[in-house]
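Visitor: I'm new to this one. Could you pick a single part and take me through it slowly, then show me what else catches the eye?

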Amino acid sequence: MNWEDNVRKVIPYTPGEQPTGEVIKLNTNENPYPPAPGVKKALEDYDISELRKYPDVYGGELRDKLCEVYGTGKDNVFVGVGSDDVLAIAFLTFFNGEKPVIFPDITYSFYDVWCDLYRIPYEMIPLNNAFRIVKEDYIRPNGGIVIPNPNAPTGVEKSVEDLEYIIKNNRDSVVIIDEAYVDFGGRSVLPLIREYDNLLVVQTFSKSRSMAGVRIGMAFGDSRLIGYMNDVKFSINSYTMSRLTISAGVAALEDNGYFVSTCERIIATRERVKKQLSELGFEFPDSKSNFIFATHKSVKAKDIFTAAKDKNIYLRWWNKPRISDYLRISIGTDEEMDALIAFLRDYLDGNI
Ligand code: PMP
């Protein structure tokens with residue numbers, strides 16, 4: 001017997017690279033634009049003497065502001081340290097049965113890591129050949145369901161009607177819809193939380209609100225769901241949302257105009273880049289997110305990925321079944337995307 005026999009061993013999630021220096025970073029779906037101007041002001045004006053006190057365990061003013069903006073009650077909102085924190089607590093809270101939790105085979109690669117960490121049985125349901133979720137496949141015995149919408153890394157959106165079909169036919173399971181990318185042209189299932197007490201909707205400030213570095217995520221659901229999540233959270237760490245984070249989050253929510261215009265800008269860039277990628281011989285499922293999941297008709301994704309990195313353009317590539325010929329390209333500024341397209345043109349013409 002040795003202490004290592006008692007270690008909880010797990011193969012961790014691999015985040016995208018965070019290179020330093022002058023690079024074009026299109027590998028982690030960050031927003032290329034800064035947070036709303038009010039965020040800077042809120043942090044600059046913050047009364048530092050307040051930091052001696054613990055923050056509110058529920059996220060205080062941030063929770064209040066979320067209720068106002070999203071039209072929910074206080075008991076329907078949970079805030080956490082990015083949606084990864086919210087999802088990790090949701091998995092620990094709700095997926096405590098014997099039956100497998102189900103999610104797509106091509107999806108956010110953190111879901112199976114949490115299942116392994118918490119010893120939750122799971123089954124991956126294959127997407128069809130067009131990388132689409134087949135709703136009937138989710139009508140089977142299960143211990144819970146997780147679906148990102150739009151899905152990652154495919155960018156494909158599932159309709160609210162199809163998701164409702166899955167939620168309605170699984171009233172005995174908690175269904176988590178991970179809406180990390182919904183603000184880039186997708187439709188949210190949020191209004192359905194009033195009707196279905198088994199629906200948890202998870203969102204984040206990391207993408208559409210340009211605040212990946214601040215770490216704010218939230219979940220919306222029936223008050224009983226949120227109550228159970230708080231019980232688990234308060235059994236680990238009550239004070240997860242720092243006072244500075246709460247102030248920055250409130251300031252971001254106060255500027256809806258900035259939020260809407262930034263999302264619109266990214267959508268416009270995305271639609272332009274789709275056309276340019278098609279012209280260069282790429283194919284991709286239609287994306288409703290801030291990234292495009294593309295494969296080239298004749299050139300291997302891995303070769304493009306490596307050549308781009310040599311030119312300081314970072315993309316995301318996974319050496320995994322079904323997707324090893326795809327690149328996930330985050331949408332950056334127009335200038336960044338122009339540089340990417342210029343590189344791809346040269347590379348595919350054999351000039352690099
Ligand atoms: N869900 C999905 C589908 C994601 O792609 C990400 C980003 N890696 C997250 C959740 C977590 O994002 P964050 O913790 O920054 O909110």
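**A close look at Leu-51 and some unusual backbone spots**

Guide: Let's start with Leu-51, which sits in the loop that runs between helix H1 (37–44) and helix H2 (60–70). Keep in mind that this is a predicted model. Leu-51 has a relative accessible area of 38%, so it counts as partly exposed; that label covers values between the 20% limit for buried and the 50% limit for exposed. Leu-51 also has company: together with Leu-43, Ile-48 and Leu-244 it makes up a nonpolar patch on the surface, and the four share about 330 Å² of accessible area.

Now for the backbone. Most peptide bonds are trans, and most residues other than glycine have a negative phi. Against that background, look at the loop between strand S5 (144–148) and helix H5 (160–168), where you'll find Pro-150. The bond joining Asn-149 to Pro-150 is cis, with omega at about -5°. Pro-153 belongs to the loop between S5 and H5 too, and the bond leading into Pro-153 from Ala-152 is also cis, with omega near 10°.

Phi has its surprises as well. Asn-29, in the loop between strand S1 (24–25) and H1, isn't a glycine, yet its phi is positive, about 55°. Asn-29 has 0% relative accessibility, so it counts as buried. Ser-210 is another non-glycine with a positive phi of about 55°, and you can find Ser-210 in the loop between strand S7 (199–204) and strand S8 (217–221). Ser-210 is buried because its relative accessible area is 13%, and buried means under 20%.

Technical notes. Residues are numbered from 1 along each chain as its sequence is written. This is a predicted model: local features need pLDDT of at least 70, side-chain atom pairs count only at pLDDT 80 or more; totals for chains, interfaces and linings use all residues. Side-chain values use heavy atoms; hydrogens and water are left out. Patches are made of residues with over 30% relative accessible area and no salt bridge: like charges are joined within 9 Å, nonpolar side chains (Val, Leu, Ile, Met, Phe, Trp, Tyr) within 5 Å. Accessible areas come from the Shrake-Rupley method with a 1.4 Å probe; for residues, only the protein chains shown count as cover. A salt bridge is a side-chain nitrogen of Lys or Arg within 4 Å of a carboxyl oxygen of Asp or Glu. Helices (H or I, at least four residues) and strands (E, at least two) are DSSP runs, numbered from the N terminus. Buried means under 20% relative accessible area, exposed over 50%, partly exposed in between (1.4 Å probe, protein chains only).
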